[in-house]
Amino acid sequence: MEESLACNWGAFRAILAILQWWGFNVTVIIMNKWIFQNLDFKFPLTVSCVHFICSAVGAYIAIRVLKVKPLIQVDPEDRWKRIFPMSFVFCINIVLGNVSLRYIPVSFMQTIKSFTPATTVILQWLIWRKYFEWRIWTSLIPIVGGILLTSVTELSFNIFGFCAAMFGCLATSTKTILAESLLHGYKFDSINTVYYMAPFATMILALPAVVLEGSGAINWFYTHPSIHSAIIIILTSGILAFCLNFSIFYVIHSTNAVTFNVAGNLKVAVAILISWLIFRNPISAMNAVGCVVTLSGCTFYGYVRHKLSQQQPGTPRTPCNPRTKMEMLPLVTDKQDKA
(Lines give C-alpha, C1' and ligand atoms only; values in the text may rest on other atoms or scores of the structure.)
Protein backbone atom coordinates (compact mmCIF):
# COMPACT_ATOMS: atom_id res chain seq x y z
CA MET A 1 0.00 0.00 0.00
CA GLU A 2 2.76 2.41 0.99
CA GLU A 3 4.72 1.55 -2.17
CA SER A 4 1.62 2.23 -4.28
CA LEU A 5 1.10 5.61 -2.61
CA ALA A 6 4.76 6.49 -3.10
CA CYS A 7 4.53 5.50 -6.76
CA ASN A 8 1.37 7.57 -7.27
CA TRP A 9 2.94 10.55 -5.51
CA GLY A 10 6.05 10.22 -7.69
CA ALA A 11 3.93 10.20 -10.85
CA PHE A 12 1.86 13.16 -9.63
CA ARG A 13 5.02 15.09 -8.75
CA ALA A 14 6.50 14.41 -12.19
CA ILE A 15 3.32 15.60 -13.95
CA LEU A 16 3.17 18.71 -11.76
CA ALA A 17 6.83 19.47 -12.44
CA ILE A 18 6.36 19.12 -16.20
CA LEU A 19 3.23 21.29 -16.24
CA GLN A 20 4.82 24.14 -14.30
CA TRP A 21 7.93 23.90 -16.51
CA TRP A 22 5.73 24.11 -19.61
CA GLY A 23 3.80 27.01 -18.07
CA PHE A 24 6.85 29.13 -17.30
CA ASN A 25 8.61 28.33 -20.57
CA VAL A 26 5.65 29.03 -22.84
CA THR A 27 4.67 32.14 -20.87
CA VAL A 28 8.16 33.65 -21.10
CA ILE A 29 8.31 33.03 -24.86
CA ILE A 30 4.83 34.43 -25.49
CA MET A 31 5.47 37.47 -23.26
CA ASN A 32 8.75 38.25 -25.03
CA LYS A 33 7.02 38.07 -28.41
CA TRP A 34 4.19 40.22 -27.06
CA ILE A 35 6.71 42.81 -25.83
CA PHE A 36 8.37 43.04 -29.24
CA GLN A 37 5.21 42.90 -31.34
CA ASN A 38 2.33 44.37 -29.34
CA LEU A 39 4.13 46.77 -26.97
CA ASP A 40 6.36 47.86 -29.84
CA PHE A 41 9.38 47.58 -27.51
CA LYS A 42 11.80 46.48 -30.21
CA PHE A 43 14.92 46.31 -28.04
CA PRO A 44 16.02 42.68 -27.52
CA LEU A 45 19.29 43.62 -25.78
CA THR A 46 17.41 45.64 -23.16
CA VAL A 47 14.87 42.86 -22.62
CA SER A 48 17.71 40.34 -22.20
CA CYS A 49 19.43 42.68 -19.72
CA VAL A 50 16.23 42.95 -17.67
CA HIS A 51 16.02 39.15 -17.62
CA PHE A 52 19.62 38.84 -16.42
CA ILE A 53 19.09 41.39 -13.63
CA CYS A 54 15.90 39.67 -12.45
CA SER A 55 17.63 36.27 -12.59
CA ALA A 56 20.64 37.54 -10.63
CA VAL A 57 18.42 39.02 -7.91
CA GLY A 58 16.17 35.94 -7.84
CA ALA A 59 19.09 33.52 -7.56
CA TYR A 60 20.61 35.60 -4.75
CA ILE A 61 17.32 35.52 -2.81
CA ALA A 62 16.81 31.78 -3.44
CA ILE A 63 20.31 30.84 -2.24
CA ARG A 64 21.30 33.50 0.28
CA VAL A 65 17.93 34.37 1.84
CA LEU A 66 15.54 31.44 1.36
CA LYS A 67 18.32 28.80 1.44
CA VAL A 68 16.55 26.78 -1.25
CA LYS A 69 19.89 25.39 -2.42
CA PRO A 70 23.31 25.52 -0.75
CA LEU A 71 25.76 27.86 -2.42
CA ILE A 72 28.46 26.07 -4.40
CA GLN A 73 31.72 27.82 -3.56
CA VAL A 74 33.84 28.83 -6.55
CA ASP A 75 37.40 30.13 -6.29
CA PRO A 76 37.70 33.82 -7.29
CA GLU A 77 40.23 32.87 -9.95
CA ASP A 78 37.89 30.23 -11.40
CA ARG A 79 35.10 32.79 -11.60
CA TRP A 80 37.05 34.69 -14.25
CA LYS A 81 38.77 31.75 -15.93
CA ARG A 82 35.77 29.41 -16.01
CA ILE A 83 32.51 31.19 -15.16
CA PHE A 84 33.12 34.35 -17.19
CA PRO A 85 33.65 32.56 -20.57
CA MET A 86 30.56 30.46 -19.89
CA SER A 87 28.61 33.61 -19.00
CA PHE A 88 29.70 35.23 -22.26
CA VAL A 89 28.33 32.33 -24.33
CA PHE A 90 25.24 32.17 -22.09
CA CYS A 91 24.67 35.89 -22.75
CA ILE A 92 25.01 35.47 -26.52
CA ASN A 93 22.61 32.52 -26.43
CA ILE A 94 19.85 34.46 -24.64
CA VAL A 95 20.33 37.59 -26.73
CA LEU A 96 20.16 35.69 -30.02
CA GLY A 97 16.99 33.95 -28.85
CA ASN A 98 15.33 37.31 -28.12
CA VAL A 99 16.63 38.83 -31.36
CA SER A 100 15.13 35.96 -33.35
CA LEU A 101 11.78 36.46 -31.58
CA ARG A 102 11.93 40.09 -32.64
CA TYR A 103 11.91 39.12 -36.33
CA ILE A 104 10.31 35.67 -36.76
CA PRO A 105 7.21 33.89 -35.37
CA VAL A 106 7.44 31.81 -32.21
CA SER A 107 6.59 28.65 -34.17
CA PHE A 108 9.51 29.11 -36.57
CA MET A 109 11.93 30.11 -33.82
CA GLN A 110 11.03 27.13 -31.63
CA THR A 111 11.40 24.72 -34.55
CA ILE A 112 14.86 26.08 -35.38
CA LYS A 113 15.91 25.75 -31.71
CA SER A 114 15.19 22.04 -32.07
CA PHE A 115 18.23 21.94 -34.36
CA THR A 116 20.51 22.17 -31.28
CA PRO A 117 21.23 18.40 -31.00
CA ALA A 118 22.52 18.40 -34.58
CA THR A 119 24.74 21.47 -34.09
CA THR A 120 26.19 19.95 -30.92
CA VAL A 121 27.11 16.68 -32.61
CA ILE A 122 28.55 18.48 -35.64
CA LEU A 123 30.63 20.87 -33.50
CA GLN A 124 32.04 18.04 -31.39
CA TRP A 125 32.86 16.01 -34.50
CA LEU A 126 34.27 18.89 -36.54
CA ILE A 127 36.18 20.90 -33.93
CA TRP A 128 36.70 18.63 -30.93
CA ARG A 129 37.30 15.54 -33.10
CA LYS A 130 34.87 13.34 -31.17
CA TYR A 131 33.54 10.09 -32.53
CA PHE A 132 29.83 9.22 -32.71
CA GLU A 133 28.10 5.96 -33.60
CA TRP A 134 26.22 5.73 -36.89
CA ARG A 135 22.94 5.52 -34.98
CA ILE A 136 23.47 9.05 -33.65
CA TRP A 137 24.10 10.39 -37.15
CA THR A 138 21.05 8.55 -38.49
CA SER A 139 18.82 10.00 -35.77
CA LEU A 140 19.79 13.52 -36.89
CA ILE A 141 18.44 13.05 -40.42
CA PRO A 142 14.76 13.81 -39.60
CA ILE A 143 15.82 16.84 -37.53
CA VAL A 144 17.82 18.33 -40.40
CA GLY A 145 15.14 17.41 -42.94
CA GLY A 146 12.37 18.90 -40.83
CA ILE A 147 14.29 22.18 -40.35
CA LEU A 148 14.92 22.45 -44.09
CA LEU A 149 11.25 21.82 -44.90
CA THR A 150 10.09 24.32 -42.28
CA SER A 151 12.51 27.00 -43.48
CA VAL A 152 11.62 26.61 -47.15
CA THR A 153 7.86 26.76 -46.47
CA GLU A 154 7.88 29.47 -43.74
CA LEU A 155 5.45 32.20 -44.83
CA SER A 156 6.90 34.80 -42.42
CA PHE A 157 10.54 34.05 -43.21
CA ASN A 158 13.07 36.71 -42.22
CA ILE A 159 16.74 36.07 -42.97
CA PHE A 160 17.99 38.10 -39.98
CA GLY A 161 15.72 36.31 -37.53
CA PHE A 162 16.57 32.95 -39.09
CA CYS A 163 20.32 33.59 -38.77
CA ALA A 164 19.91 34.75 -35.17
CA ALA A 165 18.05 31.55 -34.29
CA MET A 166 20.63 29.36 -36.05
CA PHE A 167 23.55 31.08 -34.36
CA GLY A 168 21.60 30.73 -31.12
CA CYS A 169 21.68 26.96 -31.65
CA LEU A 170 25.45 27.15 -32.11
CA ALA A 171 25.75 29.22 -28.92
CA THR A 172 23.64 26.70 -26.99
CA SER A 173 25.78 23.83 -28.26
CA THR A 174 29.01 25.68 -27.47
CA LYS A 175 27.78 26.43 -23.95
CA THR A 176 26.93 22.77 -23.40
CA ILE A 177 30.29 21.55 -24.69
CA LEU A 178 32.33 24.15 -22.81
CA ALA A 179 30.50 23.33 -19.58
CA GLU A 180 32.02 19.85 -19.70
CA SER A 181 35.57 21.24 -19.54
CA LEU A 182 35.29 24.68 -17.93
CA LEU A 183 33.01 23.59 -15.09
CA HIS A 184 34.83 20.30 -14.44
CA GLY A 185 34.88 19.62 -10.71
CA TYR A 186 31.86 21.80 -9.94
CA LYS A 187 28.46 20.12 -9.67
CA PHE A 188 26.27 23.08 -10.62
CA ASP A 189 22.49 22.96 -10.50
CA SER A 190 20.40 25.44 -12.48
CA ILE A 191 20.04 27.88 -9.56
CA ASN A 192 23.77 28.07 -8.80
CA THR A 193 24.46 28.38 -12.51
CA VAL A 194 22.22 31.44 -12.72
CA TYR A 195 23.67 32.80 -9.44
CA TYR A 196 27.16 32.97 -10.93
CA MET A 197 26.43 33.61 -14.61
CA ALA A 198 23.61 36.19 -14.51
CA PRO A 199 25.73 38.98 -12.90
CA PHE A 200 28.50 38.43 -15.44
CA ALA A 201 25.96 38.38 -18.28
CA THR A 202 24.46 41.65 -17.03
CA MET A 203 27.91 43.23 -16.92
CA ILE A 204 28.69 42.04 -20.46
CA LEU A 205 25.40 43.20 -21.97
CA ALA A 206 24.75 46.45 -20.09
CA LEU A 207 27.07 48.68 -22.15
CA PRO A 208 26.00 47.36 -25.60
CA ALA A 209 22.35 47.70 -24.56
CA VAL A 210 22.84 51.33 -23.51
CA VAL A 211 24.92 52.28 -26.56
CA LEU A 212 22.82 50.50 -29.20
CA GLU A 213 19.31 50.78 -27.74
CA GLY A 214 19.47 53.42 -25.00
CA SER A 215 18.13 56.39 -26.98
CA GLY A 216 15.39 54.31 -28.61
CA ALA A 217 14.29 52.83 -25.27
CA ILE A 218 14.15 56.28 -23.66
CA ASN A 219 12.11 57.62 -26.56
CA TRP A 220 9.73 54.65 -26.25
CA PHE A 221 9.41 55.33 -22.51
CA TYR A 222 8.21 58.90 -23.11
CA THR A 223 5.94 58.15 -26.06
CA HIS A 224 4.23 54.86 -25.17
CA PRO A 225 0.53 55.45 -24.32
CA SER A 226 0.37 52.87 -21.49
CA ILE A 227 3.85 53.04 -20.03
CA HIS A 228 3.09 51.72 -16.53
CA SER A 229 1.37 48.52 -17.66
CA ALA A 230 4.06 48.01 -20.33
CA ILE A 231 6.87 48.26 -17.76
CA ILE A 232 5.03 45.82 -15.49
CA ILE A 233 4.82 43.32 -18.37
CA ILE A 234 8.54 43.68 -19.16
CA LEU A 235 9.55 43.25 -15.49
CA THR A 236 7.17 40.30 -15.13
CA SER A 237 8.81 38.59 -18.10
CA GLY A 238 12.17 38.96 -16.30
CA ILE A 239 10.79 37.47 -13.07
CA LEU A 240 9.25 34.58 -14.98
CA ALA A 241 12.56 34.03 -16.77
CA PHE A 242 14.16 33.34 -13.39
CA CYS A 243 11.22 31.13 -12.37
CA LEU A 244 11.83 29.14 -15.55
CA ASN A 245 15.36 28.34 -14.40
CA PHE A 246 14.00 27.30 -11.02
CA SER A 247 11.36 25.09 -12.66
CA ILE A 248 14.07 23.33 -14.69
CA PHE A 249 15.79 22.37 -11.43
CA TYR A 250 12.50 20.94 -10.14
CA VAL A 251 11.62 18.96 -13.27
CA ILE A 252 15.12 17.42 -13.53
CA HIS A 253 14.74 15.97 -10.04
CA SER A 254 11.21 14.71 -10.67
CA THR A 255 11.56 12.89 -14.01
CA ASN A 256 13.89 10.50 -15.76
CA ALA A 257 15.86 11.23 -18.94
CA VAL A 258 13.31 9.71 -21.34
CA THR A 259 10.36 11.54 -19.78
CA PHE A 260 12.32 14.80 -19.82
CA ASN A 261 13.16 14.40 -23.51
CA VAL A 262 9.58 13.66 -24.57
CA ALA A 263 8.20 16.42 -22.33
CA GLY A 264 10.70 18.87 -23.80
CA ASN A 265 9.57 18.17 -27.35
CA LEU A 266 5.90 18.32 -26.38
CA LYS A 267 6.66 21.66 -24.71
CA VAL A 268 7.82 23.01 -28.07
CA ALA A 269 4.60 21.77 -29.67
CA VAL A 270 2.53 23.47 -26.94
CA ALA A 271 4.46 26.72 -27.40
CA ILE A 272 3.88 26.63 -31.16
CA LEU A 273 0.15 25.94 -30.73
CA ILE A 274 -0.43 28.64 -28.10
CA SER A 275 1.62 31.23 -30.01
CA TRP A 276 -0.44 30.53 -33.14
CA LEU A 277 -3.70 30.90 -31.19
CA ILE A 278 -2.53 34.27 -29.84
CA PHE A 279 -0.63 35.84 -32.74
CA ARG A 280 -2.31 34.01 -35.65
CA ASN A 281 0.86 33.93 -37.74
CA PRO A 282 0.22 32.09 -41.03
CA ILE A 283 1.39 28.44 -41.07
CA SER A 284 1.18 26.41 -44.27
CA ALA A 285 0.42 22.68 -44.29
CA MET A 286 3.97 21.79 -45.33
CA ASN A 287 5.36 24.09 -42.66
CA ALA A 288 3.33 22.22 -40.04
CA VAL A 289 4.62 18.92 -41.44
CA GLY A 290 8.17 20.23 -41.11
CA CYS A 291 7.55 21.09 -37.45
CA VAL A 292 6.16 17.62 -36.76
CA VAL A 293 9.09 15.92 -38.53
CA THR A 294 11.60 18.02 -36.57
CA LEU A 295 10.02 17.32 -33.18
CA SER A 296 9.67 13.62 -34.00
CA GLY A 297 13.34 13.58 -34.97
CA CYS A 298 14.31 15.20 -31.66
CA THR A 299 12.33 12.57 -29.77
CA PHE A 300 13.97 9.79 -31.79
CA TYR A 301 17.42 11.31 -31.18
CA GLY A 302 16.75 11.40 -27.42
CA TYR A 303 15.65 7.77 -27.51
CA VAL A 304 18.78 6.69 -29.39
CA ARG A 305 21.02 8.65 -27.04
CA HIS A 306 19.30 7.09 -24.02
CA LYS A 307 19.62 3.55 -25.40
CA LEU A 308 23.32 4.06 -26.10
CA SER A 309 23.90 5.46 -22.62
CA GLN A 310 22.29 2.32 -21.17
CA GLN A 311 24.56 0.05 -23.21
CA GLN A 312 26.70 -2.16 -21.00
CA PRO A 313 30.49 -1.98 -21.30
CA GLY A 314 31.79 -4.60 -23.68
CA THR A 315 28.57 -4.78 -25.69
CA PRO A 316 29.41 -5.39 -29.36
CA ARG A 317 29.04 -2.35 -31.59
CA THR A 318 28.91 -1.81 -35.28
CA PRO A 319 32.47 -1.79 -36.68
CA CYS A 320 33.62 1.65 -37.78
CA ASN A 321 36.64 3.86 -38.01
CA PRO A 322 36.61 6.34 -35.13
CA ARG A 323 38.29 9.68 -35.54
CA THR A 324 39.68 9.28 -32.02
CA LYS A 325 40.14 6.27 -29.82
CA MET A 326 37.39 7.41 -27.51
CA GLU A 327 33.77 6.97 -28.42
CA MET A 328 31.60 9.66 -27.00
CA LEU A 329 27.90 10.35 -26.78
CA PRO A 330 26.61 13.87 -27.37
CA LEU A 331 26.97 16.19 -24.42
CA VAL A 332 23.88 18.15 -25.36
CA THR A 333 21.09 18.24 -22.82
CA ASP A 334 18.07 20.51 -22.54
CA LYS A 335 18.21 20.17 -18.78
CA GLN A 336 20.20 23.39 -18.50
CA ASP A 337 17.84 25.22 -20.84
CA LYS A 338 17.64 28.98 -20.61
CA ALA A 339 15.02 31.40 -20.30
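Okay, one definition before anything else: when I say buried, I mean a residue with under 20% relative accessible area, and exposed means over 50%, with partly exposed in between. With that in hand, here's the chain, and keep in mind that this is a predicted model. Of its 339 residues, 51% are buried.

So what's it built from? Helices: the secondary structure comes to 11 of them, with zero strands. Read along the sequence, you just get α after α, in the pattern α-α-α-α-α-α-α-α-α-α-α. If you take the contacts with a separation of 6 or more, 89% of them are between residues 24 or more positions apart. As for the outside, the chain exposes about 16700 Å², and carbon and sulfur atoms supply 69% of that.

Now the annotation. UniProt, in an unreviewed entry, places "transmembrane region" at several stretches, including residues 83–104 and 134–153. I looked at those two in the model. Residues 83–104 are 95% helix and 0% strand, with the end C-alpha atoms 31 Å apart. Residues 134–153 come out at 100% helix and 0% strand, and there the end C-alpha atoms lie 30 Å apart.

On to the aromatics, which I had some fun with. There are 15 aromatic pairs in the structure. Take Phe41 and Trp220: their ring centres are 4.6 Å apart and the planes sit at 75°, which is over the 60 degrees needed, so we call that pair edge-to-face. Where do these two come from? Phe41 is in the loop between α1 (2–37) and α2 (44–65), while Trp220 is in helix α8 (residues 190–223), so the pair ties together parts that are 179 residues apart in sequence. Both partners are covered up: Phe41 is buried at a relative accessible area of 5%, and Trp220 is buried at 8%. Add Phe43 and you have a cluster, with ring pairs linking Phe41, Phe43 and Trp220.

Another pair to click on is Phe132 with Trp137. Their ring centres are 6.2 Å apart with the planes at 85°, so that one is edge-to-face as well. Here the burial is mixed: Phe132 counts as buried at 3% relative accessibility, but Trp137 is partly exposed, with a relative accessible area of 31%.

Rings also pick up arginines. Arg102 lies over the face of Tyr103, 4.6 Å from the ring centre. Likewise, Arg280 lies over the face of Trp276, at 4.5 Å from the ring centre.

Arg280 brings me to a serine. Is Ser275 buried or exposed? Buried, at 0% relative accessibility. Ser275 sits in helix α10 (residues 257–279), and its side chain reaches the backbone oxygen of Ile272 at 2.8 Å. Leaving out residues up to four places away in sequence, Ser275 touches Ile30, Val106, Ser107, Arg280 and Asn281. So if you want to follow one residue around on screen, try that one.

Last stop, Thr236, in helix α9 (residues 227–252). At 30% relative accessibility, Thr236 counts as partly exposed. How far is Thr236 from Val28, in sequence and in space? They're 208 residues apart along the chain, yet C-alpha to C-alpha the distance is 9.0 Å.

That's my tour. Happy to take questions.

Methods:
Residues are numbered from 1 along each chain as its sequence is written. This is a predicted model: local features need pLDDT of at least 70, side-chain atom pairs count only at pLDDT 80 or more; totals for chains, interfaces and linings use all residues. Side-chain values use heavy atoms; hydrogens and water are left out. Helices (H or I, at least four residues) and strands (E, at least two) are DSSP runs, numbered from the N terminus. Buried means under 20% relative accessible area, exposed over 50%, partly exposed in between (1.4 Å probe, protein chains only). Contact means heavy atoms within 4.5 Å. Accessible areas come from the Shrake-Rupley method with a 1.4 Å probe; for residues, only the protein chains shown count as cover. Rings of Phe, Tyr and Trp (its six-membered ring) pair if their centres lie within 6.5 Å; planes under 30 degrees apart count as stacked, over 60 as edge-to-face and the rest as tilted. A charge sits over a ring if NZ of Lys or CZ of Arg is within 6 Å of the ring centre and within 35 degrees of the ring normal. A polar contact is a pair of N or O atoms within 3.5 Å; within protein, one must be able to donate a hydrogen and the other to accept it, and residues adjacent in sequence count only if both atoms are side-chain atoms. UniProt positions are given in the numbering used here, feature names are shortened, and annotations may be inferred rather than shown by experiment.
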